[in-house]
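Me: I would like to go through this structure and ask what stands behind each term used for it. Please set each value against its definition.

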Amino acid sequence: MRAWTEKRAEIHRSVVENGVASMRPVDGLALEPDATVDFESEKLHIMFIGPKQWLQDGDTFPATLVFEKAGAVDVEFVVQRKASEPAAEDHSGHGSSN
């Protein structure tokens with residue numbers, strides 16, 4: 001098992017090739033001023049790598065987005081599950097032999 005020494009986030013795109021689903025990092029997104037990126041329709045998601053804990057519905061956490069021209073912008077994420085998805089299982093005991 002690899003121990004993560006850094007926390008970071010990457011934008012990934014979900015793709016299916018030859019019947020095999022995978023997630024691939026995206027180098028960046030071109031954003032026009034006042035543009036909106038629809039992550040769901042573009043099959044994009046943010047992959048959080050090395051978080052300290054499992055994220056639960058309603059959790060908030062700070063992050064910094066880095067833009068080529070605008071530089072660093074501090075934001076706060078709010079975790080929200082889709083209304084169409086069931087609540088996630090509690091993974092707090094994951095790996096234990098209860």
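Me: How do the lining residues of the largest pocket divide into nonpolar, polar and charged?
Reply: In this predicted model, the lining of the largest pocket has 23 nonpolar, six polar and eight charged residues. Ala, Val, Leu and Phe count as nonpolar, so Ala9, Leu65, Val66 and Phe77, which are among the residues nearest the pocket centre, belong to the nonpolar group. Thr64 also lies nearest the centre, and Thr counts as polar because it is in neither the nonpolar nor the charged list.

Me: What makes a residue part of that lining, and how many residues qualify?
Reply: A lining residue has an atom within 4 Å of a point of the pocket. For the largest pocket, 37 residues line the space, which amounts to about 1,300 Å³.

Me: Which strands supply at least two residues of this lining?
Reply: These are β1 (8–17), β3 (44–49) and β4 (60–67). The largest share, eight residues, comes from β4.

Me: Why is the chain's pattern written as β-β-β-β-β?
Reply: The chain has five strands and zero helices. Strands are numbered from the N terminus, so reading along the sequence gives β-β-β-β-β.

Me: What share of the chain counts as buried, and what makes a residue buried?
Reply: Buried means under 20% relative accessible area, and 7% of the 98 residues count as such. The chain exposes about 8,800 Å², with carbon and sulfur atoms supplying 51% of that area.

Conventions:
Residues are numbered from 1 along each chain as its sequence is written. This is a predicted model: local features need pLDDT of at least 70, side-chain atom pairs count only at pLDDT 80 or more; totals for chains, interfaces and linings use all residues. Side-chain values use heavy atoms; hydrogens and water are left out. On a 1 Å grid over the protein atoms alone, a cavity is a set of points where a 1.4 Å probe fits but cannot get out, and a pocket is an open set with protein on both sides within 12 Å along at least five of seven lines; lining residues have an atom within 4 Å of a point. Grid points are joined across faces, edges and corners, and a volume is the space filled by probe spheres set on the points. Helices (H or I, at least four residues) and strands (E, at least two) are DSSP runs, numbered from the N terminus. Buried means under 20% relative accessible area, exposed over 50%, partly exposed in between (1.4 Å probe, protein chains only). Accessible areas come from the Shrake-Rupley method with a 1.4 Å probe; for residues, only the protein chains shown count as cover.
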